[in-house]
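Hi everyone, thanks for making time. I'd like to walk you through one structure today, so please have a look at it while I talk.

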Amino acid sequence: RQEMTTSPSAGAYAPGQDRTRALLFAALGVVYGDIGTSPLYAIRECFTYDNGAVDLTSANVYGVLSLIVWAQLLLITVKYVLFIMRADNQGQGGILALMALALHGQDPRRRSARVMTALAAIGTALFFGDGMLTPAISVLSAVEGLELVAPWLHPAIVPLTIAIVIVLFAVQSRGTEVVGRLFGPIMAVWFAILAVLGVWNLAANPAVLQAMNPAYAIGLFISHPWPAFVTLGAVFLAVTGAEALYADMGHFGARPIKLAWLAFVFPALTLNYFGQGALLLADPLAIRNPFYLMAPGWALVPLILLATMATVIASQAVISGAFSLARQCVQLGFLPRLEMRHTSEHEIGQIYVPRVNWILMFGVIALVVGFKSSSALASAYGIAVAGTMLIDGILFWFVARRVWGWSLLPTTALVACFAIVDAAFLGSNLLKFLDGGWFPLLIGAIIVMVMATWRDGRKLLASQIHEATLPAESFIDRLNGAGPQRVTGTAIYLTGSREGVPYALLHNLKHNKILHARIVFLTVRFLDVPFVQRAERNHIQSLGKGFYRIELRYGFKQSPNVPRALSRISDAGGRFDPMDTSFFLGRERLVQKVKPLMSRWREWLFIAMQHNQLSATEFFRIPPNRVVELGTQVEV
């Protein structure tokens, strides 16, 4: 199953209404978890932010509701649903898939290519920061409803939230296949309840629906320009999770995601937000928690339980996305090799990355303990998502211009409109920097620094090794019958270079004075596409005298299995017998030069990452009892 040659989303495009309905239902539980739990806190934060938000008046309620509905229309419906979701890389979405599509066929040394790579790295780093914030604010906001049931439970909110978070991350190693079956039904009930609560409160004041007129949003900016701009940071909470529509496109296909948004999610969210607005117009004191106060008293406890399940699902979707993004980062060369466990025999996209899991868990716990309330966390939330959305728009411009060939003027005008909206939201969120907005930026900066150090260090290491490499043709030409001695069997030398003789072979020859009868220089290469067809997996070149060069090609969403790929090759001197094949790997021991090529602390960081990364044996699934490692010391 792991060697599937087609995208796992291929079924997403199968004909039939039943298939579309099933995928639409499943998308509710994965794609819309984050944005679907925003009603828990978005409206409340629009009127309670301490540093200049608008006052709670009737006119301002209409203005805020108008801002929310038009933010969802412009950012989600127009930007993502109508435009960005067209930019699919073999059916896959997400910022790295968008970068790979924009870079396809481009010289990576070009300035524009470097700019796109840097933007994608920044966007990826911001996503990991969001991966810590979403579980913290979502679960905390749901548990806070207990205060309305029993105020004396307030001291238990933080400990209970931490307990839920620990359980959530502890079960990740078991996979989400079984739990995932419940996501769709629970979220379908959740969105239905959102709509019902909204209609229930709208019945008392249906006139609030007039706020759909954008004139109310414009009027808010005219009458209160600075408070309205400040409030944009809270309004943005209503669209966080929009990027999930694009990122999860490969799992469900574009059509089910679009249908779910237009036919179910967007109407349910709109009704709920307007229902909260109607409640505030009738009872301004309900601002302390307008979402829960929409419900009658007898329904409060069941609603808290349902909200907690919905926020756990929203957190699960972000965590799973972080695992998937980590794998893509490794295979595109942004991060060192990490341990990845496949948690499903049926779905190749379900993986568990232990290091990422525990880093996220400790980050979430630190946020809950440090901020203590969802209102405080709302100050940190938004910057990372707004930055990612802005980068998505910029990368979309490169795709539209260079891949699709769109005209310069209309493409630039369209992306500029998106950028103005994104920049306004980002600017408003940056005002919350000192109140917690620094956290996702700090996490993002650390991850960008790690990525840049790894890529620069790998380039330096490759250049150092290349300087000591002999040309393969001249090395083979010098071989003759007099020596060295050839022994039976196959030797496979893994190398990151597609030219020259691997230094592991030179070390083996220097110490053992022998060569195997068949020698393969093997390179595993990850392309800038999500999936590589099996027919295009192998590139074989005969070098003569029993030497072969084989390149195995994978997409950035595939996991390599070298023995399985080799078992399908028969035109490189015959088939590969696992019991007659030895794998030779080079293990570099890195030491700093007297005059290092990078700063001292970056050199130290790179050496630490190189030393602690997952071994090539485990990453490429090579049987350990068939591996010989040959070490060498390299100065970087």
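I'll go through the cores, the salt bridges, one helix and a few places at the surface. Keep in mind that this is a predicted model.

Let's begin inside. The largest nonpolar core has 197 residues, and Tyr32, Trp190 and Phe191 are the ones with the most contacts within it. Which helix gives the most to this core? That is helix 6, residues 111–143, with 16 residues. If you click on Phe191 and set aside its neighbours within four places in sequence, you'll find it in contact with Leu28, Tyr32, Gly36, Phe264, Val265, Ala268 and Leu269. There is also a second, separate core of 17 residues; among its members are Ala472, Ala504, Leu509 and Leu630.

Now for the charged pairs. The structure holds nine salt bridges, and I've picked three to show you.

Start with Arg44 and Glu144, whose closest N and O atoms are 3.9 Å apart. This pair links distant parts of the chain: Arg44 belongs to helix 3 (residues 42–48), Glu144 sits in the loop between helix 6 and helix 7 (146–149), and 100 residues separate the two. Both Arg44 and Glu144 are buried.

Next, please find Asp422 and Lys79. Their salt bridge has its closest N and O atoms 2.4 Å apart. Asp422 is in helix 20 (residues 408–430) and Lys79 is in helix 4 (residues 58–83), so this pair ties together parts that lie 343 residues apart in sequence. Are these two buried or exposed? Asp422 counts as buried because its relative accessibility is 2%, and Lys79 is buried too, at 0%.

The third pair is Arg553 with Glu551, where the closest N and O atoms are 2.5 Å apart. Here Arg553 counts as partly exposed, at 23% relative accessibility, whereas Glu551 is buried, with a relative accessible area of 6%. Look around this pair and you'll see that Arg498, Arg525, Glu551 and Arg553 are linked in a network of salt bridges.

Let me turn to helix 17, residues 354–371. With 18 residues at 1.5 Å a residue, this helix should span 26 Å, and its end C-alpha atoms are indeed 26 Å apart, so expectation and model agree. Which of its residues are buried? The list for helix 17 is Pro354, Val356, Asn357, Leu360, Met361, Gly363, Val364, Ile365, Leu367, Val368 and Phe371. As a reminder when you look at a list like that, an α-helix has 3.6 residues a turn, so residues three or four places apart point the same way. Right after helix 17 comes Lys372, with a positive phi near 70 degrees.

Finally, let's go to the surface. Phe433, Leu434, Trp438, Leu442 and Ile446 form a nonpolar patch there, with about 500 Å² of accessible area together. Leu434 lies in helix 21, residues 433–467, and Leu434 counts as exposed because its relative accessible area is 74%, over the 50% cut-off.

One last stop is Val171, in the loop between helix 8 (157–170) and helix 9 (177–202). Val171 counts as partly exposed, at 36% relative accessibility. The C-alpha atoms of Val171 and Leu98 are separated by 31 Å, with their positions 73 residues apart along the chain.

That's my tour, and I'm happy to take questions.

Notes
Residues are numbered from 1 along each chain as its sequence is written. This is a predicted model: local features need pLDDT of at least 70, side-chain atom pairs count only at pLDDT 80 or more; totals for chains, interfaces and linings use all residues. Side-chain values use heavy atoms; hydrogens and water are left out. Helices (H or I, at least four residues) and strands (E, at least two) are DSSP runs, numbered from the N terminus. Buried means under 20% relative accessible area, exposed over 50%, partly exposed in between (1.4 Å probe, protein chains only). A nonpolar core is a set of buried Ala, Val, Leu, Ile, Met, Phe, Trp, Tyr and Cys residues joined through side-chain atoms within 4.5 Å. Contact means heavy atoms within 4.5 Å. Patches are made of residues with over 30% relative accessible area and no salt bridge: like charges are joined within 9 Å, nonpolar side chains (Val, Leu, Ile, Met, Phe, Trp, Tyr) within 5 Å. Accessible areas come from the Shrake-Rupley method with a 1.4 Å probe; for residues, only the protein chains shown count as cover. A salt bridge is a side-chain nitrogen of Lys or Arg within 4 Å of a carboxyl oxygen of Asp or Glu. The expected span of a helix is 1.5 Å times one less than its number of residues.
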